[in-house]
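Hi,

Here's the structure I said I'd pass on. Have a look at it first, and my notes are underneath.

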Amino acid sequence: MIVPADETARLAALHQTGLLDSDPERAYDDLVAIATGICGTPMGAISLIDAERQWFKARVGIDDTETSRQSAFCAHTILTPEDLLIVPDATLDARFRDHELVVGGPGIRFYAGAPLRARGGEAIGSLCVIDSQPRTLEPFQLDALRSLSRQVGALIELRLAYRALRHQMDERTWYEQQLIAQNEQLAEQTRTDALTSLPNRRAFDAALAKAVDQAERDGPLSLAMIDVDHFKIVNDLHGHPRGDEILVAVAQVIHGQRGRQGFCARYGGEEFALLMPDIGDDTAEYQCEFLREGIQAIATGIPVTASIGLTSFRSGDTGASMLARADQALYEAKRSGRNRVLRA
């Protein structure tokens, strides 16, 4: 078994996180779901590489909670912590063609892993997506995988800071902070969509008003309204639970592609809204085309497409006037055939 040159420091950094054998956490689960949604793979995981084992902090499509390190694809990812490890077809790769997970179940063919790095640069694991079919990823999918791995790293840093803070706080201060956090959580729940975990319409309207004020001073600003095509038919033919699964998958794609650079929300029903500050007409249209393609690539077993209406800030605009233009553009996109982006 090949190990990194910094193995001792790497293991120390891993154990310092306290993540090994910890309880499941929604934040980590969501990032794996977003990664598999964007990349269109049935399997994915946040994998931590211990001395002798691979342990999954979060996983999709994988039954085991851990494997031996010897059998871990991710053990190869940590050997090159500066970038992704991509295996388009494991049967053609000398490192993996005789691998037990390739010649046997689950028959891995494709693997892409982004290293998870500790604050000292040590690779402690990876965010990976896996398929039983050979495939390649588009540039935007590779960029998304890198971005999501950085988000996992940010979560780990927050965990470390939280553990340090708890160590320093006395018991009374700890309970006071817990009470504050609970109150903040209750307030946040009134601005969050329960199904998709995106901000809701109330939160979006407030963000739009703030963004319009900012654009009046600094500009630019673009707004996209996104509607899942033929969603009523999906509910009628496949049932509301499948419809909910599709809405969650669409939300994950929107948030994964633009959520960090903009503000996305479930506006209502099958409609989503996306604010893109500091982005003008042409770039916004380009980004929306990527978004449309990402939604179309969702692997749900049911064809999913979306129509997108786009507008950009004009001097004197209000949030209502921008919404009206984007809605009109969305209507025209749906009327002219759906699965397209139209700019007001």
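Below is what I found, starting from one serine and working outwards to the sheet and its helices. One thing to keep in mind: this is a predicted model.

Let's start with Ser312, which sits in strand β10 (residues 306-312). Its relative accessibility comes out at 9%, and because the cut-off for buried is under 20%, Ser312 counts as buried. Its side chain has two polar contacts you may want to look at: one to the side chain of Asp281 at 2.4 Å, and another to the side chain of Ser222 at 2.8 Å. If you skip the neighbours within four places in sequence, the residues in contact with Ser312 are Leu221, Ser222, Gly280, Asp281, Asp317, Met322 and Arg325.

The rest of that strand is covered too: seven of the seven residues in β10 are buried. Ala306, Ile308, Leu310 and Ser312 point one way, while Ser307, Gly309 and Thr311 point the other way.

So what does β10 pair with? On one hand there's strand β7 (residues 221-228), which pairs with β10 in the antiparallel sense over seven bridges; there, Asp227 stands opposite Ser307. On the other there's strand β11 (residues 341-343), with parallel pairing over three bridges. Within that pairing, Ile308 has Val341 as its bridge partner, and Gly309 has Leu342.

Now the bit I'd look at twice. To get from β10 to β11 the chain goes through helix α11 (residues 319-335), and this β-α-β crossover is left-handed.

Zooming out, the sheet is open and has five strands in the order β8-β9-β7-β10-β11, with mixed pairing. β8 (263-268) and β11 are at the edges with a single partner strand each, so each has one side without a neighbour in the sheet. From one strand to the next, the twist averages 20 degrees.

Two helices to check against the sheet: α10 (residues 281-296) packs on it and touches β7, β9 (271-277), β10 and β11, with its direction at about 165 degrees to that of β10. α11 also packs on the sheet, touching β7, β8, β9, β10 and β11, and its direction makes about 145 degrees with that of β10.

Finally, α11 packs with helix α7 (residues 201-217) at an angle of about 110 degrees, the axes being 9 Å apart. That makes α7 and α11 roughly perpendicular to each other. Phe204, Asp205, Leu208 and Val212 make the contact from α7, and Gly319, Met322 and Leu323 from α11.

Cheers

Technical notes:
Residues are numbered from 1 along each chain as its sequence is written. This is a predicted model: local features need pLDDT of at least 70, side-chain atom pairs count only at pLDDT 80 or more; totals for chains, interfaces and linings use all residues. Side-chain values use heavy atoms; hydrogens and water are left out. Helices (H or I, at least four residues) and strands (E, at least two) are DSSP runs, numbered from the N terminus. Buried means under 20% relative accessible area, exposed over 50%, partly exposed in between (1.4 Å probe, protein chains only). A polar contact is a pair of N or O atoms within 3.5 Å; within protein, one must be able to donate a hydrogen and the other to accept it, and residues adjacent in sequence count only if both atoms are side-chain atoms. Contact means heavy atoms within 4.5 Å. Two strands pair if DSSP finds at least two bridges between them. A crossover is right-handed if, with the strands pointing away from the viewer, the path from the first strand over the helix to the second runs clockwise. Axes are lines fitted to C-alpha atoms, for helices over the stretch in contact, and angles run from 0 to 180 degrees between N-to-C directions. Angles under 35 degrees count as roughly parallel, over 145 as roughly antiparallel, 65 to 115 as roughly perpendicular and the rest as oblique.
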